[in-house]
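Open the model in your viewer and keep the sequence panel beside it. We will go stop by stop, selecting as we go.

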Amino acid sequence: PLDVNVHPVHALLVDLIEAYITSLSSNNSFPSGEGESPPSALLWAWYLRSILHEQVAEYAQGITLINKCIEHTPTAVDFYELKARLLEAGGDIQQAADVIDAGRDLDHQDRYINNQTTKTFLRAGREEDAKKRIALFTREQGSPEQYLYDMQCAWYELELADLLRRKGEFGKSLRKYMAVVKHYEDY
């Protein structure tokens with residue numbers, strides 16, 4: 001496997017973003033010095049640097065920067081999603097689930113963030129919370145799980161199967177895995 005941290009392209013990106021952050025922090029412009037930049041330029045430079053920290057497993061540093069982003073603009077859902085990814089990769093899945101749910105709470109119409117919240121809840125072992133979140137975007141008034149099965153929502157069934165396997169409920173887990181196989185066989 002490639003060690004991204006020593007790759008020259010990664011090093012170039014890190015140097016570039018660090019120069020942007022330094023310049024934007026000190027004189028509110030990019031290193032080229034062409035006019036004043038909007039305050040959001042520094043914000044998104046921090047965000048990009050957090051992503052680069054994530055890529056090389058520097059989770060604590062990434063969390064520090066993404067916290068600055070959240071302090072600056074607490075209504076941006078993207079920041080909560082990245083913080084949750086960093087927390088999950090760093091081993092704190094429970095806090096990751098809470099953070100992404102806080103982000104989801106900022107935008108109740110965003111199906112993507114709702115699905116990410118559901119997935120994180122399942123990975124955290126919080127099955128009931130996951131069912132409540134996924135039910136927000138199912139049309140049926142009945143069982144959300146039946147609707148998701150009918151819609152062949154494989155990602156949900158796989159995450160639920162993994163959760164059931166971790167809980168030792170092997171029969172239920174196997175049924176969920178086999179449901180995904182059946183979806184592909186039917187197709």
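Start with helix α1: select residues 8–27. This is a predicted model, so every value on the tour is computed from it. Set a distance between the end C-alpha atoms of α1. They are 28 Å apart. Helix α1 has 20 residues, and at 1.5 Å a residue it should span 28 Å, so the two values agree.

Stay on α1 and show side chains. Which residues of α1 are buried? Pick H10, V14, I17, I21, S23 and L24. An α-helix has 3.6 residues a turn, so residues three or four places apart point the same way. Now add residues 39–55, helix α2, to the selection. The buried residues of α1 pack against α2.

Step just past the end of α1 to N28. Its phi is positive, about 55°. Most residues other than glycine have a negative phi. Two further stops on this tour also have a positive phi: A57, near 60°, and Q152, about 55°.

**Loop stop: A57**

Select A57 in the loop between α2 and α3. A57 is not a glycine, yet its phi is positive, near 60°. Is A57 buried or exposed? Neither: A57 has a relative accessible area of 46%, so it counts as partly exposed, since that class lies between 20% and 50%.

**Helix α3: C69**

Move on to residues 59–72, helix α3, and pick C69 within it. C69 has a relative accessible area of 0%, so it is buried. Show what surrounds it. Leaving aside neighbours within four places in sequence, C69 is in contact with L43, W46, Y47 and F79. Of these partners, L43, W46 and Y47 fall within 39–55, the range of α2.

**Helix α6: N114**

Next, select residues 111–123, which form helix α6, and find N114 there. N114 is buried, because its relative accessible area is 1% and the cut-off for buried is under 20%. What does N114 touch? Not counting residues up to four places away in sequence, N114 touches R104, R133, I134, L136 and F137.

**Loop stop: Q152**

Now go to Q152, in the loop between α8 (144–150) and α9 (154–166). Q152 has a positive phi of about 55° although it is not a glycine. At 38% relative accessibility, Q152 is partly exposed. Draw a line back to C69. The two residues are 83 apart along the chain, and their C-alpha atoms are separated by 37 Å.

**Zoom out**

Clear the selection and colour by secondary structure. The protein chain has ten helices and zero strands. From the N terminus on, its elements run α-α-α-α-α-α-α-α-α-α.

Turn the chain along its principal axes. Its C-alpha atoms fill a box of roughly 60 × 40 × 30 Å. The radius of gyration is 20 Å, whereas a compact globule of 187 residues would have one near 16 Å.

Switch on the surface. The protein chain exposes about 10700 Å², and carbon and sulfur atoms supply 54% of that area. Of the 187 residues, 42% count as buried. Among contacts between residues at least 6 apart in sequence, 46% join residues at least 24 apart.

Last, colour the charges. The protein chain carries 20 positive and 29 negative charges, and their mean positions are 7 Å apart.

How values were computed: Residues numbered from 1 in each chain as written. Predicted model: local features only at pLDDT ≥ 70, side-chain atom pairs only at ≥ 80, totals over all residues. Heavy atoms only, no water. Helix = DSSP H or I, 4+ residues; strand = E, 2+ residues; numbered from the N terminus. Expected span 1.5 Å × (residues − 1). Buried < 20%, exposed > 50% of the residue type's maximum accessible area, 1.4 Å probe, protein only. Contact = heavy atoms within 4.5 Å. Rg over C-alpha atoms; globule rule 2.2 N^0.38 Å. Areas by Shrake-Rupley, 256 points an atom, 1.4 Å probe, with all protein chains shown as cover. Lys, Arg positive; Asp, Glu negative; His and termini not counted. Charge placed at Lys NZ, Arg CZ, Asp CG, Glu CD.
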